[in-house]
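Me: I am new to reading protein structures and would like a close look at one part of this model, with its surroundings explained step by step. Please start from a single place in the chain and work towards the part where strands lie side by side.

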Amino acid sequence: MELRFDHIIHYVDNLKNFKYPGEILKISSGGKHHKFGTFNRLSYINENYIELIDVEDKEKLTKESKTEEGRVAFATKIVQDHFQQGFKTIALRTSNIEQLKQTLESRGIETIGPIDMHRENKKGDKVRWKLLYIADPDYMVKPPFFIEWAEKEVKHNQKLEPLFQKQFKIDKIIIDSEKRAKTLSKWQKWFDMTILEEGDHYTDVQLTTDHIIYRIQDAKTSGYNTVVFKDSETTAPYSIITKGAKYRFEPEN
């Protein structure tokens with residue numbers, strides 16, 4: 001599997017008026033997901049990004065959450081969490097979503113998709129992509145989902161490069177799990193993750209084709225806890241906690 005981290009989703013109520021404390025991260029315009037009644041804004045961290053998402057039609061999103069696709073969809077985690085703000089799930093990028101589906105199903109892993117998606121900006125321009133979900137109902141942490149962008153990656157990144165915040169690099173995602181061994185077993189099977197380090201209360205894993213570390217740690221409740229960045233312009237670590245999510249910044253060296 002050639003998978004890499006693409007983005008993490010942060011649900012923010014009243015997103016239209018949201019700014020990061022000290023505007024430490026800049027936010028760019030996004031678009032609307034008409035299917036879910038949601039809209040987003042984006043904070044680009046080089047070739048990755050934070051997707052800030054809000055709901056403008058709760059009735060539509062709630063109705064969608066009750067469908068077969070909706071129970072696993074990225075946006076409906078907001079409903080499943082009773083509209084509690086914070087990180088919801090992450091997307092892993094692939095260049096061949098059809099082949100990925102075949103690989104997963106050959107391992108006995110049920111999937112939903114690929115599903116054609118788009119968002120539309122104020123000018124009416126559409127960005128298109130495909131999504132694939134793991135349809136496992138028995139998970140402690142909502143599984144990452146898969147994304148394949150319609151536009152070729154090089155062209156996609158060239159277009160977005162002016163928005164990249166190059167002093168930052170996403171280094172680690174910290175994930176809470178009530179049953180760490182169970183989450184770890186599934187993530188190894190689903191994503192071909194390898195164990196880098198294991199402590200009494202955490203396990204660090206990594207995709208074979210990416211640098212980002214996923215720390216799965218023991219906790220009383222499950223969910224996505226913290227995004228850790230390397231910051232080339234700081235000499236001391238610092239953190240911000242905003243809208244139910246924690247962002248930690250560490251010196252690059």
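**From a cis bond to the open sheet**

Reply: Pro 114 has its place in strand β6, which covers residues 111-120, and the peptide bond that leads into Pro 114 from Gly 113 is cis, with omega near 5°. Please keep in mind throughout that this is a predicted model, and that the values below are computed from it.

The backbone has other points to notice before we turn to the sheet. Asn 14, in the loop between β1 and β2, has a phi near 60°, which is a positive value in a residue other than glycine. The relative accessible area of Asn 14 is 41%, so this residue counts as partly exposed. Asp 192 belongs to the loop between α5 and β10, and its phi, near 55°, is likewise positive although the residue is not glycine. With a relative accessibility of 22%, Asp 192 counts as partly exposed, because the limit for buried is under 20%.

That loop leads us to the sheet itself. Seven strands make up an open sheet in the order β10-β11-β12-β9-β13-β15-β14, and their pairing is mixed. At the edges stand β10 (194-198) and β14 (238-242), and each has a single partner strand, so one side of each is left without a neighbour in the sheet. If direction is ignored, neighbouring strands in this sheet are turned by 25° against each other on average. Within the sheet, strand β13, residues 223-231, pairs with β15 in the parallel sense over six bridges, and along this pairing Val 228 of β13 stands opposite Arg 248 in β15.

A helix lies across part of the sheet: α5, made of residues 180-191, crosses β9 (168-177), β10, β11 (202-206), β12 (213-218) and β13, and runs at about 155° to β12. Tyr 214 falls within the residue range of β12, and the contacts of Tyr 214 beyond its neighbours within four places in sequence include Trp 187, Met 193, Thr 203, Ile 173 and Phe 5. Of these, Trp 187 lies within the residue range given for α5. The largest nonpolar core has 44 residues, and those that touch the most other members are Phe 146, Ile 173, Trp 187, Phe 191, Tyr 214, Phe 229 and Tyr 247. A separate, second core has 28 residues, Val 55, Ile 78, Val 79 and Phe 164 among them. In soluble globular proteins, nonpolar side chains tend to be buried together.

The aromatic rings add another layer to this picture. When rings are paired by having their centres within 6.5 Å, the model holds 17 aromatic pairs. One of them joins Tyr 20 and Tyr 247 edge-to-face, with 5.2 Å from centre to centre and 80° between the planes. Because Tyr 20 lies in the loop between β1 (4-11) and β2 (28-33) while Tyr 247 lies in strand β15 (residues 245-251), the pair ties together parts that are 227 residues apart in sequence. Tyr 20 is buried, at 2% relative accessible area, and Tyr 247 is buried as well, at 0%. In another pair, the rings of Tyr 133 and Phe 145 have centres 5.6 Å apart and planes at 40°, so this pair is tilted. Tyr 133 belongs to strand β7 and Phe 145 to strand β8, and the residues are twelve apart in sequence; both are buried. Tyr 20 and Tyr 247 also belong to one aromatic cluster, together with Phe 18, Phe 87, Phe 168, Phe 229, Tyr 238 and Phe 249.

Charged side chains also meet rings in this model. The charged end of Arg 215 sits over the ring of Tyr 202, 3.9 Å from the ring centre, whereas Lys 16 lies over the face of Phe 39 at 5.6 Å from the ring centre.

As a last step, we can leave the sheet for a residue at the surface. Gln 84 is found in the loop between α2 (77-80) and β5 (86-93) and counts as exposed, because its relative accessible area is 54%. Apart from residues up to four places away in sequence, Gln 84 touches Tyr 11 and Ile 78, and Ile 78 is one of the residues in the second core. From Gln 84 back to Val 228, the separation is 144 residues in sequence and 21 Å in space, taken from C-alpha to C-alpha.

How values were computed: Residues numbered from 1 in each chain as written. Predicted model: local features only at pLDDT ≥ 70, side-chain atom pairs only at ≥ 80, totals over all residues. Heavy atoms only, no water. Helix = DSSP H or I, 4+ residues; strand = E, 2+ residues; numbered from the N terminus. Buried < 20%, exposed > 50% of the residue type's maximum accessible area, 1.4 Å probe, protein only. Contact = heavy atoms within 4.5 Å. Phe/Tyr/Trp six-rings, centres within 6.5 Å; stacked < 30°, edge-to-face > 60°. Lys NZ or Arg CZ within 6 Å of the ring centre and 35° of its normal. Pairing = 2+ DSSP bridges. Axes fitted to C-alpha atoms, helices over the stretch in contact; angles between N-to-C directions. Core = buried A, V, L, I, M, F, W, Y, C linked by side-chain atoms within 4.5 Å.
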